[in-house]
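Work through three short exercises on the structure below. Try each task before you read its solution.

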Amino acid sequence: MISAEKIPNNVNLSGNKRLQRALEHWQPKYIQWWRDMGPQGFQDYHQVYVRTAVSVDPEGWAHFEYVKLPEYRWGIFLADPVHDRRIGFGDFFGQPVWQEVPGEFRNQLRRLIVTQGDTEPASVEQQRLLGQRCPSLYDLRNLFQVNVEEGRHLWAMVYLLHSYFGRDGRDEAEELLERQSGNRDKPRILEAFNEPIDNWLDFFMFTMFTDRDGKSQLMSLSESSLDPLSRTTRFMLTEEAHHMFVGETGIARILERTCQLMKEAGFSEDVRKVGGIDIPTIQKHLNQWFSLSLDLHGSEVSSNAASYFANGLKGRAKEETFDEHVVRDAYYHMEYFENGKAVTKDVLMRNAMNEVLRDWYVGDCEAGVIRWNRILEHYGISDRLRLPDRKFNRNIGMYSGFHFDPHGVALTKDEWERRKFEWLPSQADSEYLLSIMAEPIYEPGKFANYIVPPRRGVNQQPIDFQYVRTEQ
Ligand SMILES: [Fe+2]
Ligand SMILES: [Fe+2]
């Protein structure tokens, strides 16, 4: 029996019998999926000190307790309604927002929700082996916090599918548990969510760059005219912020350790000899996850994006900061690639909405890289991390099928094949990372040699707190 206790919610679940029954039917399949595809080796005997959202107000956030992961209380929350909310962009600008799905946009909305929903369980699947290679209990706990919240994001999308899309929605909810990251026959929808994440450098880069794409997408969906979608995604953004915190501080802590080791070993020494992660390896992983995440924003020129905007389904990040919201005849000045040449060109703004969002995303990433570089500066190291040019390593949009180095200089296919592992992780890099992560660290307060401890613990607990414990 599903109750508010079992599924914390602010959608009056107990007052909606039809929805309650639908979710009761889906829940056991979800739990089975979590057991089969969730964190491997941490299902039955471990308790994790996690935060559970029990309401949307700030106090509802501060709820920490030890739970066994399959018993986590995945809840359904919508941010508070905005009084007299109006459509903020597109052809219906200024009209009241929708509480139900308009028939003519049903397919488009379903597609947007399914695509977003598919990424949530996918990342849990990608990260399922990391617990066995963790650098500390603190990091292990953060991994699981991210995982349970991605599970909750799946619940959020399944709630919308069950509530507003009838039979089709039910079928989609089932399929969200059937596709599998990296599966040849039934892969996840988007490419970056089929890449394995088997080491912690990838995990931190993923939470820095790919969860930030999640932020881009959620920001644009939170502008949606479909009010329940807007309110759901607005609440998800608060969790997304924590995922990016895990990524950004994870890389910062690795970088700081790298600097310490370089200093100790004498700056000319190869930091791998003393078990650290060298800056070029960090840069390669940055290149990989940034370029994959650029792809997630879609084609530069897109009639789908134009239609989502015109219909008021998906807006721009922070739509209220723009001067004009209908943008019927406005143009966007952007980089353009045609006849093998990079040029700049004015494109109808509605068709360029993916690129507008990508620009916002690149700026948000840039700020994080600047913060990382302060660490290098602080240690007197002259190397700097940088975002690769947006043409680099692209598989979607106008640059796909062409090759560029991280500065955006065009390469022939041969040159690319010969040189790509100067810029992207090679087999040898992966093997090295796995070799220093082979032994997990489960001792409270202890950290792997390649990473420094965090500045502070979780929820004001000490750094040597037992964030994950085995059952007594
Ligand atoms: Fe998510
Ligand atoms: Fe996330």
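The exercises that follow use a predicted model.

**Exercise 1. The iron site**

Find which residues coordinate the iron ion (ligand 1), and state where Glu 120 and Glu 150 lie.

Solution.
- Step 1: The donors come from Glu 120 (OE), Glu 150 (OE) and His 153 (ND1), at 2.0 to 2.2 Å.
- Step 2: Along the chain, these donors follow the spacing E-x29-E-x2-H.
- Step 3: Glu 120 sits in helix 2 (residues 106-126) and Glu 150 in helix 3 (residues 137-164), so the pair ties together parts 30 residues apart in sequence.
- Step 4: Glu 150 also bridges to the iron ion (ligand 2); the two ions lie 3.5 Å apart.
- Step 5: Both Glu 120 and Glu 150 are buried.

**Exercise 2. The span of helix 6**

Check whether the span of helix 6 (residues 227-265) agrees with 1.5 Å a residue.

Solution.
- Step 1: Helix 6 has 39 residues.
- Step 2: The expected span is 1.5 Å times one less than the number of residues, which gives 57 Å.
- Step 3: The end C-alpha atoms are 57 Å apart, so the values agree.
- Step 4: Helix 6 still has a kink of about 30°, centred on Thr 238.
- Step 5: Of its 39 residues, 30 are buried, so helix 6 is mostly covered.
- Step 6: Just after helix 6, Gly 266 has a positive phi of about 85°.

**Exercise 3. A loop residue**

Decide whether Glu 319 is buried or exposed.

Solution.
- Step 1: Glu 319 is in the loop between helix 8 (303-310) and strand 3 (331-338).
- Step 2: Buried means under 20% relative accessible area.
- Step 3: Glu 319 has 1% relative accessibility, so Glu 319 counts as buried.
- Step 4: Residues that Glu 319 touches include Gly 88, Phe 89 and Glu 223.

Terms used
Residues numbered from 1 in each chain as written. Chains lettered and ligands numbered in written order. Predicted model: local features only at pLDDT ≥ 70, side-chain atom pairs only at ≥ 80, totals over all residues. Heavy atoms only, no water. Helix = DSSP H or I, 4+ residues; strand = E, 2+ residues; numbered from the N terminus. Buried < 20%, exposed > 50% of the residue type's maximum accessible area, 1.4 Å probe, protein only. Contact = heavy atoms within 4.5 Å. Donors = N, O, S within 2.8 Å, 3.2 Å for Na, K, Ca; no water. Bend = angle between axes of the 7 residues up to and from the residue. Lists of a residue's contacts leave out its neighbours within four places in sequence.
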